[in-house]
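Visitor: I am new to this structure and would like to learn how to read it, one feature at a time. Could you guide me through it?

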Amino acid sequence: MNAGKGFTYVGFLIFVAFAGAGLAAFGQIASHQAQREKEAELLFRGDAFRAAIENYYKKDKRYPVSLEQLLEDKRYPMPVRHLRRLYNDPMTGEPNWAVIDAPGGGIMGVHSRSEAAPIKTGNFLVKYEDFANAKTYADWKFVHSPPGLSRGVEKSPTK
């Protein structure tokens, strides 16, 4: 009877090892999927900031001096909302976007502060095709740059 119990015990240990390996693989797949969802959210939120900055710029060819100005633009008789709310950076979970200064002053874009390497390396929209060469999420820069205007430099985080 002892030999039978030994085989049962060894079989149980092998089962536990396979189950552990399967759960580890599932965890890695789930983590990978969560990262892809964060990337999609970064693309959505970054483009929302870029579009809001573009809309703000169209009025009198000036960039906003803060991201908060995108929430309530008082240059119109009735204040205009270019952005519904200031989104958190999905990669950091914080409202700590790095802003890109416009050469003439103001903010012409944003990017994440995350130094993690992106999973997505292709199939970007034409306006974001440079993202394919990005080493980090911080390289995904969402910028409104009218023709003839070059990109600025980054400044401190805003909330």
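Guide: We will go through the sheet, then the core, and then the aromatic rings, keeping in mind that this is a predicted model.

Visitor: How should I read the sheet, and in which order do the strands lie?

Guide: As a general idea, strands of a sheet pair through backbone hydrogen bonds, either parallel or antiparallel. In this structure three strands make an open sheet with the order S1-S2-S3, and their pairing is antiparallel. Strand S1 (98-101) and strand S3 (141-143) are the edge strands, each pairing on one side only, and neighbouring strands are turned by 30° against each other on average, direction ignored.

Visitor: How many bridges join S1 and S2, and what lies between these two strands?

Guide: Four bridges hold S1 and S2 in the antiparallel sense, and Ala98 has His111 in S2 as its bridge partner. The two strands form a hairpin with five residues between them, where Gly105 in the turn has a positive phi of about 105°. On the other pairing, three bridges join S2 (residues 107-111) to S3, with Val110 standing opposite Phe142 in S3.

Visitor: Are the faces of S1 covered or open?

Guide: Both faces of S1 are covered, since the list of buried residues has Ala98 and Ile100 on one side and Val99 and Asp101 on the other.

Visitor: Which residues of the largest nonpolar core touch the most other members?

Guide: Among its 29 residues, these are Phe49, Leu70, Trp140 and Phe142. Helix H1 (2-60), S1, S2 and S3 each supply at least two residues of this core, and the largest share, eight residues, comes from H1. Leaving aside neighbours within four places in sequence, Phe49 is in contact with several residues, including Leu67, Leu70, Trp97 and Val110.

Visitor: What should I look for in the aromatic rings, and why does the pair of Tyr137 and Trp140 count as edge-to-face?

Guide: One looks at the distance between ring centres and at the angle between the planes, where under 30 degrees counts as stacked and over 60 as edge-to-face. Phe131 and Trp140 are stacked, at 5.3 Å centre to centre and 5° between the planes. The rings of Tyr137 and Trp140 also have their centres 5.3 Å apart, but their planes stand at 85°, so this pair is edge-to-face. Phe131 is buried, with a relative accessible area of 3%, while Trp140 is buried at 0%. Ring pairs link Phe124, Tyr128, Phe131, Tyr137, Trp140 and Phe142 into a cluster.

Visitor: Where does the charged end of Lys120 sit?

Guide: The charged end of Lys120 sits over the ring of Phe124, 4.9 Å from its centre.

Technical notes:
Residues are numbered from 1 along each chain as its sequence is written. This is a predicted model: local features need pLDDT of at least 70, side-chain atom pairs count only at pLDDT 80 or more; totals for chains, interfaces and linings use all residues. Side-chain values use heavy atoms; hydrogens and water are left out. Two strands pair if DSSP finds at least two bridges between them. Axes are lines fitted to C-alpha atoms, for helices over the stretch in contact, and angles run from 0 to 180 degrees between N-to-C directions. A nonpolar core is a set of buried Ala, Val, Leu, Ile, Met, Phe, Trp, Tyr and Cys residues joined through side-chain atoms within 4.5 Å. Buried means under 20% relative accessible area, exposed over 50%, partly exposed in between (1.4 Å probe, protein chains only). Contact means heavy atoms within 4.5 Å. Rings of Phe, Tyr and Trp (its six-membered ring) pair if their centres lie within 6.5 Å; planes under 30 degrees apart count as stacked, over 60 as edge-to-face and the rest as tilted. A charge sits over a ring if NZ of Lys or CZ of Arg is within 6 Å of the ring centre and within 35 degrees of the ring normal.
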